[in-house]
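Hi,

Here is the structure I said I would pass on. Have a look at it first, and then read on for what turned up.

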Amino acid sequence: MEVTLLSSATLIVLGLLAGAINTLAGGGSNLTLPALMIMGMPADIANASNRVGIFLQSLTGAIGFKKHNRLETTEIMPMMVPTLLGGIAGALTASYSPESLLKPMLLGAMIIMSLIMVIRPAMIVPDMDTIPLKVSESKKGWAGLAIAGFYGGFVQAGVGFILLAAVCGVLRYDLVRGNALKLVCTLAFTTIALIVFIARGQVDWVPALILSVGFIIGAHLSVKFAITAKSETLKQILLIMTLVGCGAALLF
């Protein structure tokens, strides 16, 4: 992929939007992944290169939530088991899939996930005072995290919705704490995916790092907003982000 001033500026802006969307809801990669392919990256390289920004965005967001005491640390390790198992399987599937099959699989998965979240957004909006369940208390929560890990390792785009469905919809965390835990889970399976993709030489580092600048800024700003916003405002933003993600997937 040729890197120009225009393409660099475009990547930073798209990364900023995607970082904000991913931190508050999910589906930001519905913007960045198709854009990388439109700019000339093969599907497998775009899928791998996009993960650099996702990794740094998730790290930035998780640290931000932790500094503001919105990250529940006691359940992180139990959540890691199903998330990482799924992530390993998903990353290997994506890395070894033929490019001729990978592009339609990626775009199809993005569209399906976006449509699901438009049809069923209410499944992930528990009240702030709801007492959450432990992963060990919920087989559905464990399975949801494993599915999210596989999907995240495979394609990433829209995985935030699956994670919120598992963390908020099943385990009943509120949206602020759910988003914080979502970022930690994303960081976990993205790390696994990146190791696979880097080992196979599938990351185009220069555009990946340029895109990452936007991801980091978007995540940083969104954490500050999330911890001060009202619960109803976050619910409305989740619905809007769902529609944006769906529109982006259908458009590209």
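**What I found**

Mean pLDDT for the chain is 82, and 81% of the residues score at least 70. Bear in mind that this is a predicted model. Confidence varies along the chain: of its elements, helix α5 (residues 99–119) has the lowest mean pLDDT, at 63, while α9 has the highest, at 94.

The fold first. You'll find ten helices and zero strands, so to speak an unbroken α run: α-α-α-α-α-α-α-α-α-α from the N terminus on. The chain has 252 residues, and 57% of them are buried. If you take the contacts between residues at least 6 apart in sequence, 84% join residues at least 24 apart. About 10400 Å² of the chain is exposed, with carbon and sulfur atoms supplying 71% of that area.

Now to the surface. There is a nonpolar patch formed by I12, V13, L16, L17, V213, I217 and L221, and together these residues have about 520 Å² of accessible area. Two helices, α1 (5–24) and α9 (205–226), each supply at least two of the patch residues. Helix α1 gives the most, with four. And α9, as said, is the element with the highest mean pLDDT. One patch member to click on is L17, which sits in helix α1. L17 counts as partly exposed because its relative accessible area is 41%, which falls between the 20% and 50% cut-offs.

Next, the stretch around α7 and α8. D174 is in the loop between α7 (159–170) and α8 (175–199). Is D174 buried or exposed? Buried, because its relative accessibility is 3%, and under 20% counts as buried. The D174 side chain also has a polar atom 3.0 Å from the backbone nitrogen of V176.

V170 belongs to helix α7. With a relative accessible area of 25%, V170 is partly exposed. Leaving aside residues up to four places away in sequence, what does V170 touch? The list is L133, S138, K140, G141 and A165. K139 does not appear in that list, but the C-alpha atoms of V170 and K139 are 9.5 Å apart, with the two positions 31 residues apart in sequence numbering.

That's the lot from me; shout if anything looks odd when you open it.

Cheers

Definitions and conventions: Residues are numbered from 1 along each chain as its sequence is written. This is a predicted model: local features need pLDDT of at least 70, side-chain atom pairs count only at pLDDT 80 or more; totals for chains, interfaces and linings use all residues. Side-chain values use heavy atoms; hydrogens and water are left out. Patches are made of residues with over 30% relative accessible area and no salt bridge: like charges are joined within 9 Å, nonpolar side chains (Val, Leu, Ile, Met, Phe, Trp, Tyr) within 5 Å. Accessible areas come from the Shrake-Rupley method with a 1.4 Å probe; for residues, only the protein chains shown count as cover. A salt bridge is a side-chain nitrogen of Lys or Arg within 4 Å of a carboxyl oxygen of Asp or Glu. Buried means under 20% relative accessible area, exposed over 50%, partly exposed in between (1.4 Å probe, protein chains only). A polar contact is a pair of N or O atoms within 3.5 Å; within protein, one must be able to donate a hydrogen and the other to accept it, and residues adjacent in sequence count only if both atoms are side-chain atoms. pLDDT is the predictor's confidence in each residue, from 0 to 100. Contact means heavy atoms within 4.5 Å.
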